[in-house]
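Happy to go through this one with you. Let's take the labels one at a time and see what stands behind each.

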Amino acid sequence: MMVNDLLSIVDPFLDKALKMGVDEIEFYLEKQKINTAFIESTKLKSATANNMEGIGIRVLKNGSMGFSSINSFKKEKIKICLQKAMTIAKLIPSQENYFLPDKKQIIKTSNIYDENIVNFKVENCIDIADEILKKCYLIDSRINIESGIICSIEIETGVLSSKNICISEEKTGFMIELGGMAVEGEKIGSWDEEYNTVVKVNDIDIDFIVEEFSRKLLQNLETVKIKPFVGKAIISPEAMRSLFSMVIDAAKASNIQSNASFLKDKIGENIANEKLTIIDDGLKSNSFASSSFDREGFPRQKCTIIENGIFRNALHNSYTANKENTDSTGHASGDYRTIPEISPTNIEIKSGTFSLEEMIAETKAGVLFNRISASPDPISGDFAAVLKGGRLIENGEIKNTLREITAVGNFFECLKTIRGISKENKSLNYYTSWKIPYILLDDINYIS
Amino acid sequence: MKDILQNVIDTRPDGVYIEARYHKREQIEILVKQGKIIKDLADDYSGVGIRVLVNGAFGFASTNQLTKSALKKTLDEAITIAKNLAPKIKDRVEYSPIKPIVDIFKNLGKDPLANHSMEERINLALNIDKEIRQSDIRIKGSMFHLREPTNHKIIMNSDGTVAEIIDSRPDVFIEAIASEHGKIMSNRAVDGICGGWEIFKKFPPNEIVNKVVNTSIKLLKASSAKGGKQTIVMEPPIVGFICHEAIGHTVECDFVLAGSIVNGKIGEKVASELVTMVDSGEQQTAAGWLPVDDAGVKTQKTIIIENGILKSYLHNRITAKHFDVEPTGNERAYEYNNEPLIRMRNTYLEPGNFSREEILEDVEFGYLLVSPGGGQADSTAEFMFAVREAYEIKKGEIGNIVKNISLTGNAFEVFNSIDAIGKNWELNSGSDFCYKWQPAKVDGGGGTTRAIATVSGELE
């Protein structure tokens with residue numbers, strides 16, 4: 001096997017571990033450089049530089065598994081870490097399905113690395129933070145940035161295993177995240193946020209982030225209170241992300257296998273309106289959430305989760321896939337400090353044929369959701385969401401911004417009552433990327 | 001390690017204020033679901049974070065290399081950052097003075113975690129998980145999750161603070177998932193402390209299994225609550241949660257200066273006169289125990305609201321200087337590579353004079369709120385949080401369980417409506433983390449408390 005600089009750190013330990021009697025072994029390595037400028041109370045607060053590195057070691061022995069991690073590349077520390085993983089494996093009762101994946105052909109994803117970020121310094125983050133503060137002030141002095149981060153990220157990951165996996169990759173990211181509220185004398189608007197993460201620093205649209213952030217904050221300053229009613233809902237991409245996270249959670253094979261998902265035994269069944277199609281593409285070009293391989297060195301790929309309302313595929317890592325005698329979908333996730341779990345990468349909810357304007361026009365009484373504050377139950381799908389900056393729609397026209405109003409229902413049942421999906425969509429990019437349209441729902445219970 | 005930290009402090013250039021913080025966290029974690037061990041891990045995470053104040057600006061850098069030369073390089077990096085930041089900031093950062101702390105604080109509990117073997121943990125996890133699964137035919141899912149972080153910190157600064165803290169903060173989660181006729185409902189119980197294996201005395205797993213199993217089964221047939229303004233009786237974990245989530249965040253002084261609703265309201269009446277709300281690092285067994293904060297400031301018992309009057313915000317050394325008060329010791333960092341931020345510790349209501357029975361017997365109709373789910377609050381103190389377990393109260397009697405219940409409203413309006421606080425004081429919401437850029441282990445509680453709030457549910 002050809003090993004690069006990163007993997008050469010653990011390469012000598014692979015044979016040693018096998019000679020010491022482990023059946024299989026996997027090293028996951030991570031090296032990160034993160035520069036950040038912080039905004040607090042509409043002022044530059046501080047800036048930080050963090051260089052981090054670490055290794056997670058997973059060993060299998062007689063059907064048992066042990067895991068240990070250490071934030072060091074020093075040989076003596078790796079040795080201790082390996083011994084710990086082996087000790088745990090000896091103590092754990094043997095179980096079926098512990099499994100390390102075999103080497104598979106990797107398709108390299110494209111455009112996930114930017115040389116400019118590698119050369120980015122903390123002072124560059126400070127300059128951008130300063131620019132954001134000035135732009136916000138020019139738009140409206142009532143805008144208060146409660147907190148904000150401007151952050152450049154450089155990550156190198158690698159997997160070396162006794163199953164002949166020997167792979168590493170570098171990627172970069174640039175992130176802006178602003179949170180705050182508009183304040184005018186005694187009047188304080190509700191908190192809102194705007195963020196984006198890109199691969200290449202030149203792709204960040206500072207003006208768009210600042211304008212969207214300002215628009216949301218100012219819109220939240222003047223609000224009215226209304227009486228409870230039952231009406232339609234046009235759900236914004238931001239609110240959709242909160243609600244659809246429950247559907248993605250339910251599609252994780254780990255939740256299905258532990259009977260904690262409404263999607264259990266539902267592969268091939270209609271679980272939503274036929275307008276709904278959701279895919280996850282781990283190889284999407286030019287996305288910070290993409291990579292060529294997952295946390296276990298398994299190839300990333302495109303996966304259709306829901307197609308025209310039918311549940312097609314669960315998200316698997318190799319452990320859950322092995323339990324069902326199927327292949328992993330390349331969704332093993334997590335950092336070096338944890339045993340691989342399951343997470344989505346680049347979720348896309350397919351756009352529809354309605355325009356947002358048409359959705360509003362056909363709504364006699366309803367609410368255009370902006371952001372929601374909710375802790376929905378991901379197992380039952382029940383939710384009670386406080387709408388933040390929700391806008392009242394009456395007779396096809398947007399009226400006032402509403403003071404806090406609560407919408408109640410079961411989101412899994414709502415999936416079948418989707419009336420329309422918009423052509424327009426918005427990308428919400430963080431460590432997971434979402435591309436989401438607006439959705440029109442019927443008969444939501446609003447409590448003021 | 002102290003010598004290496006002292007060396008970097010002693011070799012700093014003139015005009016540089018420095019805080020150097022070593023933190024080693026070792027964590028054992030076991031997660032069992034449906035009889036399968038999903039996680040069995042040991043994590044070791046250590047390093048040094050250095051924050052400097054130069055020309056009125058902060059710079060922070062961290063390293064996992066624990067050598068003199070690596071720390072010197074990290075110090076230089078932090079100084080460069082501060083120097084780059086200084087010309088861009090409008091208001092120079094100034095610190096309020098502190099008395100240096102030189103002490104060692106140890107809190108590993110009555111029965112340290114180190115006394116217990118990995119085998120004991122694994123057997124406990126597998127047995128409890130099995131007990132959940134075998135308890136009832138309607139139980140289809142089970143989980144036992146144990147996390148045991150042990151921390152060793154050395155906090156030093158150029159004021160002369162040398163504080164060493166050694167502690168462990170275990171938490172436990174037990175969950176049952178019930179299913180019948182295609183309907184799925186879950187219930188979980190969680191708790192966390194600062195201490196050791198005695199967590200299982202406070203949180204006896206076998207008793208907890210019965211509770212979560214029965215509650216998840218009851219939830220299968222539960223109705224929704226009646227939406228609208230209702231009388232609520234909050235048990236201590238809910239009281240702690242509302243204190244933390246809905247009031248506590250608005251008084252964190254970084255949030256105050258950004259324009260939260262309490263800005264300029266010190267001395268004003270903000271709650272019922274029965275309310276005295278405190279944030280404190282003092283309680284040794286609570287998950288938010290903190291003898292010295294991560295900037296080297298001794299923590300204090302901070303009375304936020306006294307008899308309904310707003311008395312104090314939660315401060316770091318900068319906001320304390322701004323308001324010309326003493327820092328309250330609330331600046332915390334989760335791990336060595338996190339810069340300290342203003343965070344809460346143990347946040348609670350002081351006990352009242354009522355018995356729990358007296359509080360319940362006067363309720364014609366309302367809801368008893370037992371354990372919190374997740375939640376969020378706004379700068380305006382508008383809050384929303386889900387309640388995992390709640391019951392109807394009719395004519396003073398506890399009735400049926402209700403599902404999908406959330407509380408919303410303005411926290412100060414809810415606190416103004418409080419008309420009874422119980423004597424039955426306890427801190428027991430120490431299970432979860434608070435997230436504000438980085439996690440922090442916190443706790444909260446109080447006595448059973450009666451108030452009026454908006455409850456989500458079906459329209460009548």
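Q: What makes β5(A) and strand β7 (residues 192-198) of chain A a strand pair, and in which sense do they run?
A: This is a predicted model, and in it seven bridges join β5(A) to β7(A). A pair needs at least two bridges, so the label applies, and the two strands run antiparallel. One of the bridge partnerships is A:Gly180 with A:Asp192 in β7(A).

Q: How do you know that β5(A) also pairs with strand β6 (residues 187-188) of chain A?
A: Two bridges join them, and they run antiparallel. At least two bridges are required, so the pairing counts. In β6(A), A:Lys187 is the bridge partner of A:Glu184. The hairpin of β5(A) and β6(A) has two residues between the strands, and A:Gly185 takes a positive phi near 60°.

Q: How many bridges join strand β4 (residues 143-161) of chain A to strand β5 (residues 166-184) of chain A?
A: There are 17, and the strands run antiparallel. A:Ile149 has A:Glu177 in β5(A) as its bridge partner. β4(A) and β5(A) form a hairpin too, with four residues between them, and A:Asn164 in the turn has a positive phi of about 70°.

Q: Why is A:Thr48 called buried?
A: A:Thr48 has 26 other C-beta atoms within 10 Å. The cut-off for buried is 20 or more, so A:Thr48 qualifies.

Q: Where is A:Thr48 found, and which residues is A:Thr48 in contact with, leaving aside its neighbours within four places in sequence?
A: A:Thr48 sits in strand β2 of chain A. Its contacts beyond those neighbours are A:Thr36, B:Phe60, B:Ala61 and B:Glu339. The C-alpha atoms of A:Thr48 and A:Ala37 are 6.5 Å apart, although the two residues are separated by eleven places along the chain.

Q: How many residues of chain A and chain B are in contact, and what gives the most to the chain A side?
A: 59 residues of chain A are in contact with 67 residues of chain B. On the chain A side, strand β2 (residues 43-61) gives the most, with ten residues. By class, that side has 27 nonpolar, 22 polar and ten charged residues.

Q: What makes β2(A) and strand β3 (residues 57-63) of chain B a pair?
A: They share three bridges, in the parallel sense. With a minimum of two bridges, they therefore count as paired. A:Asn50 stands opposite B:Ser62 in β3(B).

Q: Why is α1(B) called oblique to α2(B)?
A: The axes of helix α1 (residues 2-10) and helix α2 (residues 68-85) of chain B come within 10 Å and cross at roughly 40°. Angles under 35 degrees count as roughly parallel and 65 to 115 as roughly perpendicular, and the crossing falls in neither range, so α1(B) is oblique to α2(B). The crossing is right-handed. Residues B:Ile4, B:Asn7 and B:Val8 of α1(B) make the contact with B:Lys68, B:Leu71, B:Lys72 and B:Leu75 of α2(B). That contact has four nonpolar, one polar and two charged residues.

Q: What makes β13 and β22 of chain B edge strands?
A: Each pairs on one side only. They belong to an open sheet of six strands in chain B, in the order β13-β12-β11-β16-β25-β22, with mixed pairing. Strand β12 (residues 302-306) is joined to β13(B) by two bridges and the two run antiparallel, with B:Glu306 opposite B:Ile309.

Note on methods: Residues numbered from 1 in each chain as written. Chains lettered and ligands numbered in written order. Predicted model: local features only at pLDDT ≥ 70, side-chain atom pairs only at ≥ 80, totals over all residues. Contact = placed C-beta atoms within 7 Å. Nonpolar A, V, L, I, M, F, W, Y, C, P; charged D, E, K, R; others polar. Axes fitted to C-alpha atoms, helices over the stretch in contact; angles between N-to-C directions. Parallel < 35°, antiparallel > 145°, perpendicular 65-115°, else oblique. Left-handed = near helix turned anticlockwise from the far one by under 90°. Buried ≥ 20, exposed ≤ 12 C-beta atoms within 10 Å, placed from the backbone.
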